[in-house]
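Student: Please show me the structure, and then let us work through it together.

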Amino acid sequence: MKLITAIIKPFKLDEVREALSAVGVQGVTVTEVKGFGRQKGHTELYRGAEYVVDFLPKVKLEAAVGDEIVERAIEAIEASARTGKIGDGKVFVYDLEQVVRIRTGETGKEAL
Amino acid sequence: MKQWIVAAASVVALALSAIAPTVSLAQAPAAEQKKDAAPAEAAKPAEVAPAAAAAAAAPAPTPNKGDVAWMLTSTALVLCMSVPALALFYGGLVRTKNMLSVLMQVFVVFSLIVVLWSVYGYSLAFTEGSGALSPFFGGLDRLFLAGTFTPATGDFSMAATFDKATPLPELVYVAFQATFAAITCCLILGATVERIKFSAVLIAITIWFTLSYLPVAHMVWFWEGPDAFTSASVVDAVNAKAGLINQWGALDYAGGTVVHINSGVAGLVGAILLGKRIGLGKEPMPPHSLTMTMIGASLLWFGWFGFNAGSALEANGMASLAFMNTFLATACAVLSWSFAEWMIKGKPSMLGAASGAVAGLVAITPAAGNVGIPGAFVIGLAVGPICLWGVTGLKKMIAQDDALDVFGVHAVGGITGALMTGIFNAPSLGGPGVTNWVTMKPDAYPGILEQFIIQAKAVGLVFVWTAVVAFIAFKIADLLVGLRVAEDEEREGLDTTYHGETAYNI
C-alpha cells in the first residue's frame, strides 16, 4: 500500500479528482496549503510598506492506494494537473504501513 | 489599591456635583445670548417719553428650528465618524490579533472624552477665562454644564452662531463640540496601535485632552460671537476676550489645527516614545481587512459632512458651501492620490484611494466654509500626492513607527489645508473672505500673504504646544503604568492578553 501526496494548483482540483476516480481511487483528503518551489511570488504594497509574498496558495491531495494502481494513479495526477507553466506542483509517494476503516474495524487492503 | 482610587474619585465627583448648581451664573459665558440683547431700532422723535425705549425693545430672538435640527443631526453624524467609522478604518489596518484592542480603545476613549467634556472640558474650552490664562483657557462657569438648562424656569441658555440675533441652544453646541473633542483624541490612537497598554492610553489621553485639546480649542475657536460686535468702538475689547489664535485672525473652520495637527503631532510623539513594533520591517504585517478599512473610510466621508457643514452652526448657504467643498475636495483627493500611486508604484490600491479620501477630508476641514469651489478643487488635488509623500518618503525620513500614519495624513494634511485656507479664502480666488463682524460685510480679508502668515503662526504654535503636552502626557502614563506591553504579549496579540477576547472565532 502506498500514500500518494500531490501538491497541485488549486484550480486543477476537480480535474485531478475525476482522473483519480477513473483509475479506481475512491477516497481523497484535500488540504489548502501555501508553498513555493521555483515559482516566484508577488509584491504587495500597503502605503509605504512593501511586502514580497513568496508563498503561493496550493492544494495538497492525499490518497491511500493499493500497490497495483499506484503507477496509474501517478500518471492520472500528472496528466490532469499539468498546465506546462511553472508551479504545477509535485507528487510524493510514501510506503503505507497500516490502514484501518474506523466504522468496521477492517484493516489492510480491505480498508482502502 | 484600585478600589480605593475609585472610591475616592466617586466621593470627589459627588461633592463637585453638589457644589456645581450653586456656582454663580453672574459671569455668564461670553457666547451666551442675553435675553435683552436685541438692540432697539429706535428712530423715535425726541418728544416721545424716554419710556418709549423700553416699549420699543424687540423680543429676544429664538433659535431657528431648521438650525437646531441640522445641528443635532450633524452631531450624530460626527459621532458616527468615531464609532464605527474611525474604529473600522484603523481596525482593518492592524493584524487580526489586535483588531479588538483598536475597536476597544476608540470606543472607550470616545466615551471617556464625552464624559470629561461634560464635566469640565466644555467649560474650559468655551467660556470666558480670567486673568493671564484667558487667551488659553476658559473658566469654570459651565462645570458639569451648569446653567445650560434651568429646571425652575424651563430656560435653555443660548450660544452664538455666525449671524447676529441667531442663537442656538447652548446644549446643542456642547454636544456638537463634544464629538469633536472625542474624535480628536481617538485619532491619536492610530499611531500607537499593537503595542500600547490600554491603561496607558486612558491616562495619556486624559492628560493630553486637558492640557492640549482644551486650550487649543479655546485659542482657535473661543470668541463672544457676532452679537458682541455692536460698533467699531468695542471691537478691540471684544477681541481681547477671545482665544489667542482667534485674536490673531487665523481661519480654521472645523479644526485643521484643533483636530488634525493637534492629534497628528501628538500621535507621532507617542509612537516615538513607544518605540517600533517587534518585527517591523522583517515580519509581514499587512492590513487584515482592507474591506473594513474601506467601510470605515466611506463612513468617515459620510459623517464628515456633519463635521464640516455642521461647523456653519446654521442650516444656510454657508453650510451648503462647506458641504459641497467637503464633497468635492475629497473626491479630488481620491483621484489625485490614486493616480499618483498608479504612476509611481505601478498599481492604484484600495488603501491608497481610502487614504486619499481621508487626506482630502482632513485638508478641507479648516477650509470648508473659508474657501470657494476653486479652493476645493486645488486643495483636494494637491493634498493627495502631498500626503502620499507624507506616508512614504517623509515617513522613511522620520524613521519611526507611526503605525497607521496619523502624522502623515492628519498632521501633513492639516498643515496643507490650514496654509491653503489662508490663500484660497481670498475673494479674488473665489473665497468668501473674512467677515467684518460689526457691519457683517465680508470685506475684512487682509491679503494673501498676510493671511498666510497668520495661518503659519497658528500652525506653528499648535504644532509645538501639542508636541510638548503629548510628551508630558505619555511620559506620565509611562511612569504610572508603563507605556508598552511585554514582548510575549505583543507577539500573542493585545486582544487576548488585554481584553480576554478574540475578534474572529472562525
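**Two chains, question by question**

Tutor: Residues in chain A that are 24 or more positions apart account for 71% of the contacts with a separation of 6 or more. Two residues are in contact if their C-beta atoms, placed from the backbone, lie within 7 Å.

Student: How do we number things, and what kind of model is this?
Tutor: Residues are numbered from 1 along each chain as its sequence is written, and chains are lettered from A and ligands numbered from 1 in the order in which they are written. Local features need pLDDT of at least 70, side-chain atom pairs count only at pLDDT 80 or more, and totals for chains, interfaces and linings use all residues, as this is a predicted model.

Student: In which order do the helices and strands of chain A come?
Tutor: Chain A has two helices and six strands. Helices (H or I, at least four residues) and strands (E, at least two) are DSSP runs, numbered from the N terminus. Along the sequence the pattern is β-α-β-β-β-β-α-β.

Student: What is the radius of gyration of chain A?
Tutor: The C-alpha trace spans about 60 × 30 × 20 Å along its principal axes. The radius of gyration is taken over C-alpha atoms, and the globule rule is 2.2 Å times the number of residues to the power 0.38. For 112 residues, a compact globule would be near 13 Å, but chain A has 17 Å.

Student: Why does A:L3 count as buried, exposed or partly exposed?
Tutor: A:L3 sits in strand 1 (residues 2-8) of chain A. A residue is buried if 20 or more other C-beta atoms lie within 10 Å of its own, exposed if 12 or fewer, and partly exposed in between, with C-beta atoms placed from the backbone. A:L3 has 16 C-beta neighbours inside 10 Å, so A:L3 is partly exposed.

Student: Which residues is A:L3 in contact with?
Tutor: Leave aside the neighbours within four places in sequence. The contacts of A:L3 are then A:E62, A:A64, A:Y94 and A:L96.

Student: What percentage of chain B is buried?
Tutor: Chain B holds 18 helices and four strands. In chain A, 16% of the 112 residues count as buried. Among the 506 residues of chain B, the buried share is 51%.

Student: Which strand of chain A gives the most to the side that touches chain B?
Tutor: The contact takes six residues from chain A and twelve residues from chain B. Three residues on the chain A side come from the top contributor, strand 3 (residues 42-46).

Student: At what angle do helix 11 and helix 13 of chain B cross?
Tutor: Axes are lines fitted to C-alpha atoms, for helices over the stretch in contact, and angles run from 0 to 180 degrees between N-to-C directions. The axes of helix 11 (residues 317-345) and helix 13 (residues 373-391) of chain B come within 7 Å. Their crossing angle is roughly 35°.

Student: Where in chain B is the pLDDT below 50?
Tutor: pLDDT is the predictor's confidence in each residue, from 0 to 100. The mean for chain B is 91, and 89% of its residues reach 70 or more. The pLDDT is below 50 over residues 17-49 of chain B.

Student: What ipTM does the predictor give the complex?
Tutor: Two scores are given for the complex. The pTM is 0.87, and the ipTM is 0.79.
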